Amino acid sequence: MLDLRPIFLTIGMLLTILAVSMLIPAAVDFAVDNPDWQAFAEACGITLFSGIAMVLSCRTGSNDLSIRQAFGLTAFLWVFLTLFASLPFMFCELGLSFTDAYFEAMSGITTTGSTVLTGLDDLPPGLLLWRGILQWLGGLGIIVMALSILPMLRLGGMQMFRVEAFETEGKMLPRAAQLSAGIVLILFFFTGALILGLWLAGMTGLEAVVHALTTIATGGYSTSDGSVGHFDSALIEGIITVGMVVGGIPFLLFLKLVRGDGRSLLRDEQVHWYLGVMGSVMLAVTAWLWLHQGMTPGQAFRYASFNVASIMTGTGYASTDYGQWGSFPVGVMFFLMFVGGCYGSTACGIKVFRFQVLYASARSQIRHLVQPHGVFIPTFNRRPISDEVVTSVLSYFFIFGVVFALLSLGLNLLGLDIVTAMSGAGTAMANVGPGLGPIIGPAGNFQSLPDAAKWLLVFGMLVGRLEVFTIFVLFSRRFWRG
Amino acid sequence: MRTLIVLLTFVFLLPAAASAAPAETLSFDHHRVAVIDGDSIQAGGRVLQLRGIDAPELGQACNNGGHYWLCGLSSAYELRRLLGFQMAPIECAVGPEGATALCMANGDDIGVTLISSGLAVATPDAPAHYKVAERHAREASLGIWGGTFVMPADWRNDERLPGEHEFTASSHLHGNLPWKIENGELTFDPRSQHAACLVKGVIEDGRRVYYGPLDAGYDALHLELGRGERLFCGDDPARTAGWRHKGEATKVN
């Protein structure tokens, strides 16, 4: 039987961090005399008590996690953190239902960015800040997990990213702690730079802080119903575009850069593909907007670059309703949302490296067809890709596709039209934020969806963020028996 | 005989032509459009009611599985969000009476969009495709169709869901009290007891002006009942009483 104590010990420790972070919006609301500070204080108390109780009752002598425990931790962590993160949304004056509160919290922690809230421009500062904090913590969490735990779980090719210094399978938690410090400092640096840049560009302090938190986390929660388009500023959009692109780059490379190894960042093939795909799509959409929508080249590049970067990294900001750009950009945006950013970044989606693996494998196959006796080994970052990795990636694509299809059909069965259903399933699994169409498109909102649809999307967000396999492993009897 | 036929044709066709053709077509950049509630906008100094739709009133609450939510405000916020994302001007074909309009955003009927999202209902005289959109929203349980609500027309006649008044009274909508203490006594308009009456009517420079929750400066407004300032439970009663939106005021008699 699986020993759950190390899992809930870790969850308890992270809940205490979550509880402490609730004090920030509580302090802000208290300072402006908004009664929501009480909601945050209550939620903090409940979360802190629960976290400490878990830590005290689940203490074990071991600092290690087995592979099965790592799977369990990965899944339960996000479910439990979201549960407690939803408390402020329920306790505040807005008084969201449990469904809406959990949806909003899950969308925050998974850095999806879909929202059920309207009237953001008039919301109290504490709630806006809490949404930003959730996405920032979620972005931090996914980076740390990607570097310390997920490679050991061999999820969809992630075994390729085992860090050389950590070849042993054990000691996942100490490794996570070790990496967290460096990653947090880098995140703080980028967040601080964004805050300063956005504030100088004309945002208020709160707007700058929230947008900085959600930009580097590639989350997309804004302080306005109009998203970044509300500010109508090319400078703000430019700063945020840079921030989103940075958020999609592996943070381990920034860690290496800080330690004096800049070559890794410059030579990384995943980064080359990431920037190459993004740049190419930006140019293509720019050309479309210039030639077909009557924009000037400057305007076209402004809107194309921002929205393409937003969708590809999974941030989900909108500066305009790109659904009105015509059929080609809409199709491009739909497929781009599945591509995602780089592994080891805050970005979401299928991840660039998986497409690279498939491309390298297919290229090798084609060469082999032409020269049957030749030896062609697919490579990634100048290292051979094993058959195990290729199989893992192919399996990932298959499971992703099946879940996407089932989720789309489920939403369709609930009465949603096929555009809303498919784009909703896709945006949830790719953790992007906006879908397509008038209901959940950039100019829409998820509030009007029925509760059953929201729970399906919550499941989609969780499955997508945790690389699909993590959730389905839990449904295996062997997993629990050992 | 031929002259008579021509005259009769002219007499019968002219009214039909007059009612079919809009009185005028207006074009607004979204920056110049203010949203009053889920089915009313102000642009170019005029208040226009979106034709064929009826959105929940600003203070109206709907119930979804036992949980109340402010569907009226949500409708208004969604309309504002929808308009805010438009790059092209919003085109409004104003009816002959000058008060209602069919507004299009990038070729899409805004009214149909709101109905399709479950944020408004079709009026009895709405075109057939509005009612089809409403049926689809109802079948998909979108927006207000996800639970129970009072039809906006009935809500304006003071019909409420059980428990709705208690919910809105406790929800501290926009915080500040709508009345003042004068001469040591708390005085208020009897209708303002209803916490769901969110439209504030104030006297500005001798003009009777009403503000909705989405208007800038709304939260800072404190009503002085002794001066005749008051709350209204929607923009329609305010306009019926002779008050005008802040962009198109009239003088106090």
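In the predicted model described here, the buried residues of helix α18 of chain A are A:Thr420, A:Ala421, A:Met422, A:Ser423, A:Gly424, A:Ala425, A:Gly426, A:Thr427, A:Ala428 and A:Met429. A residue is called buried if 20 or more other C-beta atoms lie within 10 Å of its own, exposed if 12 or fewer do, and partly exposed in between, with C-beta atoms placed from the backbone. Helices (H or I, at least four residues) and strands (E, at least two) are DSSP runs, numbered from the N terminus. Residues are numbered from 1 along each chain as its sequence is written, while chains are lettered from A and ligands numbered from 1 in the order in which they are written. Because this is a predicted model, local features need pLDDT of at least 70 and side-chain atom pairs count only at pLDDT 80 or more, whereas totals for chains, interfaces and linings use all residues.

Helix α18(A) covers residues 418-429, and its twelve residues reach 16 Å from the first C-alpha to the last, close to the 16 Å expected at 1.5 Å a residue. The expected span of a helix is 1.5 Å times one less than its number of residues. Since ten of the twelve residues of α18(A) are buried, the helix is largely enclosed by the rest of the structure. Its buried residues pack against α15 (327-339), α17 (387-413), α19 (437-440) and α20 (451-465) of chain A. Two residues are in contact if their C-beta atoms, placed from the backbone, lie within 7 Å. Just after α18(A), A:Asn431 takes a positive phi of about 55°.

Helix α15 of chain A, one of those packing partners, is home to A:Val332. This valine, A:Val332, counts as buried because it has 20 C-beta neighbours inside 10 Å. Setting aside neighbours within four places in sequence, A:Val332 is in contact with A:Val281 and A:Val285. A:Val332 and A:Val432 lie 100 residues apart in sequence and 14 Å apart in space, C-alpha to C-alpha.

Turning to the start of chain A, the 27 residues of α1(A) should span 39 Å at 1.5 Å a residue, and the end C-alpha atoms, 40 Å apart, agree with this. A positive phi of about 65° is found at A:Asp33, just after α1(A). Helix α2(A), residues 36-57, has 22 residues that should span 32 Å, and its end C-alpha atoms are indeed 32 Å apart. In α2(A), the buried residues are A:Asp36, A:Trp37, A:Ala39, A:Phe40, A:Ala43, A:Cys44, A:Thr47, A:Gly51 and A:Met54. Seen down the axis of α2(A), these residues fall within an arc of 145°, so they line one face of the helix; the arc is that of the directions from the helix axis to the C-beta atoms. The exposed residues A:Leu56 and A:Ser57 sit on the face of α2(A) turned away from the buried side. Among the elements covering the buried residues of α2(A) are α1 (5-31), α3 (67-85), α4 (87-91) and α6 (125-148) of chain A.

Taken as a whole, chain A has 22 helices and two strands. Its radius of gyration is 22 Å, close to the 23 Å that the globule rule gives for 482 residues, so chain A is as compact as a globular protein of that length. The radius is taken over C-alpha atoms, and the globule rule is 2.2 Å times the number of residues to the power 0.38. Of the 482 residues of chain A, 57% count as buried. Among contacts in chain A with a separation of 6 or more, 72% join residues 24 or more positions apart.

Chain B comprises seven helices and 18 strands, and 45% of its 253 residues are buried. Its domain assignment, which comes from an automatic or database source, gives domain 1 (22-164) and domain 2 (172-251). Between these domains, 17 residues of domain 1 are in contact with 16 residues of domain 2. On the domain 1 side, β2(B) gives the most, with four residues.

The two chains also meet, with 27 residues from chain B and 26 residues from chain A taking part in the contact. On the chain B side, α2 (71-84) and α3 (110-116) each supply at least two residues, and the largest share, eight residues, comes from α2(B). By class, this side of chain B divides into eight nonpolar, 15 polar and four charged residues. Here Ala, Val, Leu, Ile, Met, Phe, Trp, Tyr, Cys and Pro count as nonpolar, Asp, Glu, Lys and Arg as charged, and the others, Gly among them, as polar.
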